[in-house]
Amino acid sequence: MRKTDYRSAFCCLLSWSLLVAGCAQTQRATAPPRTHVETVAFTTTTNRVSIIDVATSVLATSNFSITLANDRIGLLQTDYVPISSIQSVFADSISGLPVGDDILMRVTVNAEDQGESNYVRIKGSFRSVSRTGDSISLIGLFWLERVTKRMAGTLDVAYTPQLSDSIYLQALAAAADETPPRHKWSSAARALGIVVAVLFAATLMISTFGPGSNRDVPPQ
């Protein structure tokens with residue numbers, strides 16, 4: 001094989017290794033975070049228009065961004081916001097404990113007509129870019145119930161949270177112990193390993209079979 005052929009083969013191997021490494025890194029980086037969902041509810045005799053008005057007011061004052069509000073069908077939805085932003089409007093010892101900015105929460109409110117009353121279902125969707133444990137659901141549910149209690153109280157309805165403060169504190173401790181997945185570093189290390197391995201194999205092949213090697217030199 002001529003010297004130019006070895007150079008071409010080496011370039012092909014290098015290009016292939018960089019392509020594979022880039023694909024592996026892109027696939028890892030674009031994996032969407034898991035969404036955790038919790039739902040709570042209460043019943044009220046208040047009409048849909050008032051329910052959506054109250055829900056909009058409570059969520060807006062809780063630092064949510066409203067993306068959809070339709071009082072005719074009884075539907076409201078917010079954008080994802082950090083839980084740390086929500087807890088800042090609740091002043092007590094529990095809310096003073098930090099949860100970080102990496103847990104996001106979105107709220108969807110549905111007011112379903114049941115004749116003389118409306119069944120109000122509040123769904124919370126939670127995501128985290130750096131945590132994967134079930135503590136995300138418990139932390140999110142705690143704040144979803146706090147927002148729901150304030151919403152129900154404004155509508156003169158009693159709502160009792162299911163999640164106790166002690167369980168919430170345990171969830172905070174579990175979240176603090178979780179090791180965030182190394183998205184960027186793990187994919188970058190994998191990509192570098194692929195490139196190094198291929199380059200080493202190509203260099204070894206060229207040094208063994210390429211021009212200047214003594215593989216085919218006849219004995220003296």
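Gly-133 is located in the loop that connects β6 (118–128) with α4. In this predicted model, Gly-133 counts as buried because its relative accessible area, 16%, falls under the 20% limit. The C-alpha atoms of Gly-133 and Arg-34 are separated by 9.9 Å, although the two residues lie 99 residues apart along the chain.

**The nonpolar core**

Helix α4, which follows this loop, also contributes to the interior. The largest nonpolar core comprises 41 residues, and those with the most contacts inside it are Met-105, Val-109, Ile-122, Ile-139 and Met-151. Two or more residues of this core are supplied by each of β1 (36–44), α2 (48–61), α3 (83–87), β5 (103–113), β6, α4 and α5 (165–177). Of these elements, α4 provides the largest share, nine residues. In soluble globular proteins, nonpolar side chains tend to be buried together.

Which residues does Met-151 touch, not counting those up to four places away in sequence? They are Val-54, Ala-55, Val-58, Leu-59, Val-109 and Ile-122. Two of these partners, Val-109 and Ile-122, are themselves listed with Met-151 among the residues with the most contacts inside the core.

**Strand pairing around β3**

Strand β3 (residues 75–78) pairs with β2 and also with β5, as the table sets out.

| Strand pair | Sense | Bridges | Residues standing opposite |
|---|---|---|---|
| β2 (residues 66–70) and β3 | antiparallel | four bridges | Ile-66 and Thr-78 |
| β3 and β5 | antiparallel | three bridges | Gln-77 and Thr-108 |

The strands β2 and β3 form a hairpin with four residues between them. Within that turn, Gly-74 has a positive phi of about 70°.

The side chains of β3 alternate along the strand. Leu-76 and Thr-78 point to one face and are buried, whereas Leu-75 and Gln-77 point to the other face and are not buried. Thr-78, which stands opposite Ile-66, thus belongs to the buried face, while Gln-77, the residue opposite Thr-108 in β5, belongs to the other.

**The second largest pocket**

The second largest pocket has a volume of about 160 Å³. Its lining consists of Phe-90, Phe-142, Glu-145, Arg-146, Lys-149, Arg-150, Pro-161, Leu-163, Ser-164 and Asp-165. Helix α4 (residues 135–154) gives the largest share of this lining, five residues. By class, the lining has five charged, four nonpolar and one polar residue. Helix α4 therefore provides the largest share both of this pocket lining and of the largest nonpolar core.

How values were computed. Residues numbered from 1 in each chain as written. Predicted model: local features only at pLDDT ≥ 70, side-chain atom pairs only at ≥ 80, totals over all residues. Heavy atoms only, no water. 1 Å grid on protein atoms, 1.4 Å probe; cavity = no way out; pocket = protein on both sides within 12 Å on 5 of 7 lines; lining within 4 Å. Points joined across faces, edges and corners; volume = space filled by probe spheres on them. Nonpolar A, V, L, I, M, F, W, Y, C, P; charged D, E, K, R; others polar. Buried < 20%, exposed > 50% of the residue type's maximum accessible area, 1.4 Å probe, protein only. Core = buried A, V, L, I, M, F, W, Y, C linked by side-chain atoms within 4.5 Å. Contact = heavy atoms within 4.5 Å. Pairing = 2+ DSSP bridges.
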